[in-house]
Amino acid sequence: MGNLKIKGKDILKLGYPNNQSVNIALEVMKRNFATKNIHHVKALLKEILTHPENFEKDLTFGQIAEALLSSKKTEKRMLNTNRTSFQIFGNNISDEAKNQLYTALKLPISTQGALMPDAHSGYGLPIGGVLAVENAVIPYGVGMDIGCRMSLSILDTPVSYLDGAKDKYEKALAEHTKFGMYETHKSHVEHEIFDRDTFDMIPILRRLKGKAIKQMGSSGGGNHFVEFGEVEITEEDAQIGLPKGKYLGILSHSGSRGLGAEIAQYYSRVAVDQCPLPKEAQNFAWLDLNTHLGLEYWTAMNLAGDYASACHDDIHRRLVKAVGGRVKARIENHHNFAWKEIHNGKEVIVHRKGATPANENELGMIPGSMTAKGFIVRGKGNPDSLNSASHGAGRAHSRGECRNLFTQNDIKKELKLKNVILMGGNTEEAPMAYKDINEVMSAQSELVDILGTFQPRIVRMDK
């Protein structure tokens with residue numbers, strides 16, 4: 001942890017109570033001030049002890065201040081007997097996914113929930129689950145890939161180029177997109193996100209900054225992709241600002257990479273320690289937003305969301321530079337995130353784990369599969385879904401089932417049938433692994449209006 005020679009007894013001598021505050025002070029100081037003079041560190045600790053209220057919101061010392069101001073023991077939280085209000089959209093949803101939502105609805109902090117028509121089981125909150133809670137955030141309710149998002153660029157290039165200059169588009173994806181844990185770009189762009197002092201305020205972010213710089217503009221494994229395809233605008237919308245017709249588009253799906261994954265793992269563990277729950281609900285452990293750790297996670301989550309957005313900007317910038325053309329419109333949206341929103345006249349924290357925000361007039365992109373059309377949508381702001389919609393077609397078969405059910409040959413036949421070129425990919429992401437996107441869309445006609453479609457033509461995924 002560094003060279004700081006400070007012990008618990010030194011902190012007790014400063015007047016600290018003999019409780020958790022001593023261990024927390026030791027950890028914080030060794031983590032943040034390993035190279036500092038011990039007298040300087042003791043002076044800081046004395047100042048925090050004298051006026052802990054001045055340090056409550058401080059991202060470095062808040063945890064010490066909180067421990068000094070609070071002597072509350074960690075008590076096991078119980079679930080309510082009854083579920084809070086909820087709505088399920090669509091019929092083709094497993095009992096396991098429903099039961100995960102039902103458990104979440106019994107949390108004492110829960111105010112409302114919903115399941116989207118693409119829902120399937122996950123860890124804690126199901127994928128396609130939406131949950132509103134009071135003044136708290138559930139790391140597993142956000143998910144492991146914080147700020148995972150869709151981003152669509154619509155170009156002024158004739159869509160016929162996808163056939164006429166197919167090799168150029170394949171080459172651009174091969175050379176300018178990176179996937180999985182080990183592929184990174186040789187050159188890195190300067191991006192304002194790395195100048196933010198948030199990276200220096202929280203120890204885990206400071207440690208992860210190098211990895212975030214390295215992975216900028218890359219995509220994850222699994223169902224993440226970058227693809228060229230055919231956009232068709234079927235309804236004119238002032239926000240998109242394009243006439244009806246066909247356009248060439250770039251669509252990408254990925255999140256906050258190693259940065260988000262490590263934030264999620266760390267704060268999920270911390271939440272479980274802070275918030276003991278019955279066994280069936282332990283993945284719903286939450287962090288109170290009035291506490292230092294809650295504020296810390298909220299800050300880190302928002303940074304990871306902005307980083308995910310920056311990665312997509314970089315992916316699209318590289319590809320447009322490689323293939324030419326100008327971006328005429330951009331449509332993008334997060335899923336796997338938590339937002340402060342007003343519902344029923346009250347501020348709540350809305351978790352959308354694999355669900356698209358669909359506030360009134362908000363644009364979004366809901367993909368199908370590597371061969372199925374995706375949909376450009378405009379939210380209707382339906383309060384029953386907490387202003388949400390599905391984030392895709394949703395899995396009909398788990399990854400394990402896919403490995404047994406489908407072969408590479410099955411995928412090749414489907415690709416040929418739909419005139420799609422696939423670079424990378426595997427049987428876990430076979431087109432047949434997913435529900436019928438048209439059924440999913442008809443199950444959420446109360447949630448979104450359809451403005452257009454995106455048909456994948458050249459798809460790149462992790463190998």
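**Leu386**

I began with Leu386 in this predicted model, and I noted that Leu386 counts as buried because its relative accessibility is 0%, where the cut-off for buried is under 20%. I then looked up its backbone and found that phi of Leu386 is near 50 degrees, a positive value in a residue other than glycine. When I asked where Leu386 lies, I found it in the loop between β14 (374-379) and β15 (388-390).

**Asn336**

I turned next to Asn336, which has a positive phi of about 55 degrees although it is not a glycine. I placed Asn336 in the loop between β9 (327-334) and β10 (337-343). Is Asn336 buried or exposed? I read a relative accessibility of 12%, so Asn336 counts as buried, since that value falls under 20%.

**Helices α2 and α4**

I reminded myself that two packed helices are described by the angle between their axes and the distance between the axes. For helix α2 (residues 20-32) and helix α4 (residues 62-69), I noted an angle of about 170 degrees, and the axes are 9 Å apart. I therefore wrote down α2 as roughly antiparallel to α4, a term that applies to angles over 145 degrees. Which residues make the contact? On the α2 side I listed Ser21, Ile24, Ala25, Val28 and Arg31, and on the α4 side Gln63, Ile64, Ala67 and Leu68. Sorting the contact of α2 with α4 by class, I have six nonpolar residues, two polar ones and one charged one. I also kept in mind that an α-helix has 3.6 residues a turn, so residues three or four places apart point the same way.

**Helix α5**

In helix α5 (residues 95-104), I found the buried residues to be Ala97, Gln100, Leu101, Tyr102, Thr103 and Ala104. When I looked for what covers these buried residues of α5, the list included β1 (86-88), β2 (110-120) and β3 (127-133).

**Strand β6**

I ended with strand β6 (residues 225-233), which is mostly covered, as eight of its nine residues are buried. How many bridges join β6 to strand β7 (residues 245-254)? I noted nine, and the two strands run antiparallel; as one pair to find in the structure, I wrote down Glu227 of β6 with its bridge partner Leu251 in β7. Strand β17 (residues 448-461) is also joined to β6 by nine bridges, and this pair runs antiparallel. Here I picked out Phe225, whose bridge partner in β17 is Met461.

Key: Residues numbered from 1 in each chain as written. Predicted model: local features only at pLDDT ≥ 70, side-chain atom pairs only at ≥ 80, totals over all residues. Heavy atoms only, no water. Axes fitted to C-alpha atoms, helices over the stretch in contact; angles between N-to-C directions. Helix = DSSP H or I, 4+ residues; strand = E, 2+ residues; numbered from the N terminus. Parallel < 35°, antiparallel > 145°, perpendicular 65-115°, else oblique. Contact = heavy atoms within 4.5 Å. Nonpolar A, V, L, I, M, F, W, Y, C, P; charged D, E, K, R; others polar. Buried < 20%, exposed > 50% of the residue type's maximum accessible area, 1.4 Å probe, protein only. Pairing = 2+ DSSP bridges.
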